[in-house]
Amino acid sequence: MKKLNPFTIVLLGSAIVAACLVLILILVHLVFPVSIGSFIVIVLFGSLATFTTFYFLFREFIYNRLRILYRSIRKGKLAPHEKFYINMSKDVIGHAESDSKKWTEQRNSEIAQLQEQDKFRREFIGNLAHELKTPVFSIQGYVLTLLEGGLEDEKVNRMFLERASKAIDRMTNILNDLDELTKLEVNDLKMDLRPFDLKELSREVMDSLELRAREKHIRLCFAKDYHKEIMVMADRGKIAQVLTNLISNSIFYGNENGETQIRFFEVDDLVSVEISDNGPGIEPHELPRLFERFYRVEKSRNRNEGGSGLGLAIVKHILDSHNQTISVRSTIGVGSTFTFSLDKFEGTSSTLVTSRGITIK
């Protein structure tokens, strides 16, 4: 019965009524003889009347019920010229059941997504408040100390002002990173795509971070000697930011007397870049959330140290803007490796750009 459409059900019902009517007429004929013509007319008229009555009553019943259902699950309103129509020769009940299941699944998916977004929003606001609270409280403490008499003490005033200045710089970095991340998320940041030597850019970034690496006795190097240029087509400034963030993280989280290596692989029309360290590694359950804003692998570490907590989120969005992805693999006690790719450029920098990415005419 589940596979029968309303028209078939009405037809079967009418046939049953017609059979009952024939049986009744036969019994009546035994008492009061009825002519064959009258017999046929009564059966046909009764069957037709039964079918027509059942058809319209059943159709109206289904129409009213389904109209209420579709008013609830339909996203848009019917236009004035549109009319809700039921085809009785089809399995309208089955279709309605299928549509209601799809609607329920969509609503459940939307609710789950909204709950996830709400959870992310709460975490983001909490993390942002925590990130800003530390430098604000530091500034507040230094300023109050100066106002309460420290300003006249030459041994204290400059030191506290310098510390307050560092806290202000940290707040500025957080706000600047938030602003840049927002622009990246809404595709408001313009990409200046041009060919450049990725090997040379990597060398410049490593040189700029050399002093920071020396403080922890971490060696920055290429995995091997690359004798030729590695040309890519990308935004040089943004890729420098990607390399700076990734190498800075390897220094900050790396072990004393450790090493950070950069490798390049050319695969078809892409150049793959690997930045590896031999640090403590990252727990497997941390990896999926590593590129979220303000997400910290080490929740207990001092928030006064390190960057804004937005570095990896910015890295991901920069690479997304280049239509590329970034991945990470890590083993506890062995180290971590971040991998991303860029479009390869067939050519040499000597005929196109300088080491700073300036086009040579």
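This briefing walks through a predicted model of one protein chain, from its overall make-up to a few local details. The chain holds eight helices and seven strands. Of its 361 residues, 37% are buried. Contacts often link distant parts of the sequence: among those with a separation of 6 or more, 73% join residues 24 or more positions apart.

**Confidence**

- The average pLDDT of the chain is 76. A score of at least 70 is reached by 69% of the residues.
- Residues 299-306 have a pLDDT under 50. For this stretch the model has 17 contacts beyond four places in sequence.

**Helix 8, an enclosed helix**

- Helix 8 covers residues 311-321. Eight of its 11 residues are buried, so the rest of the structure largely encloses this helix.
- Which residues of helix 8 are buried? They are G311, L312, A313, I314, V315, H317, I318 and L319.

**Helix 7 against helix 8**

- Two packed helices are described by the angle between their axes and the distance between the axes.
- For helix 7 and helix 8, the angle is about 145° and the axes are 9 Å apart. The crossing of helix 7 past helix 8 is left-handed.
- Helix 7 brings K238, I239, Q241, V242, N245, L246 and N249 to this contact. Helix 8 brings G311, L312, I314, V315, I318 and L319.
- By class, the contact of helix 7 with helix 8 has eight nonpolar residues, four polar and one charged.
- Several helix 8 residues in this contact are also on the buried list, including L312, V315 and L319.

**Helix 5 against helix 7**

- Helix 5 spans residues 198-208. Helix 7 spans 236-253.
- Their axes come within 10 Å and cross at roughly 50°. Helix 5 and helix 7 are therefore oblique to each other, as the angle lies between the 35 degrees that bounds roughly parallel and the 65 degrees where roughly perpendicular begins.
- The crossing of helix 5 past helix 7 is right-handed.
- From helix 5, the residues in contact are L198, L201, S202, E204, V205 and M206. They meet R236, I239, A240, L243, T244 and I247 of helix 7.
- This contact of helix 5 with helix 7 has eight nonpolar, two polar and two charged residues.
- I239 of helix 7 takes part in the contact with helix 5 and in the contact with helix 8.

**Two asparagines with positive phi**

- Most residues other than glycine have a negative phi, and most peptide bonds are trans.
- N257 has a positive phi of about 60° and is not a glycine. Its place is in the loop between helix 7 and strand 4, which covers 259-267.
- Is N257 buried or exposed? N257 has a relative accessible area of 61%, so it is exposed.
- N323 also has a positive phi, near 60°. This residue follows helix 8 and sits in the loop before strand 6, residues 326-331.
- N323 counts as exposed because its relative accessibility is 69%, over the 50% cut-off.

**S327 in strand 6**

- S327 belongs to strand 6. With a relative accessible area of 41%, S327 is partly exposed.
- Which residues does S327 touch, beyond those up to four places away in sequence? They are T337, F338 and T339.
- S327 and T339 are 12 residues apart along the chain, and their C-alpha atoms are separated by 5.3 Å.

Terms used:
Residues are numbered from 1 along each chain as its sequence is written. This is a predicted model: local features need pLDDT of at least 70, side-chain atom pairs count only at pLDDT 80 or more; totals for chains, interfaces and linings use all residues. Side-chain values use heavy atoms; hydrogens and water are left out. pLDDT is the predictor's confidence in each residue, from 0 to 100. Contact means heavy atoms within 4.5 Å. Buried means under 20% relative accessible area, exposed over 50%, partly exposed in between (1.4 Å probe, protein chains only). Helices (H or I, at least four residues) and strands (E, at least two) are DSSP runs, numbered from the N terminus. Axes are lines fitted to C-alpha atoms, for helices over the stretch in contact, and angles run from 0 to 180 degrees between N-to-C directions. Angles under 35 degrees count as roughly parallel, over 145 as roughly antiparallel, 65 to 115 as roughly perpendicular and the rest as oblique. A crossing is left-handed if the near helix is turned anticlockwise from the far one by less than a right angle, and right-handed if clockwise. Ala, Val, Leu, Ile, Met, Phe, Trp, Tyr, Cys and Pro count as nonpolar, Asp, Glu, Lys and Arg as charged, and the others, Gly among them, as polar.
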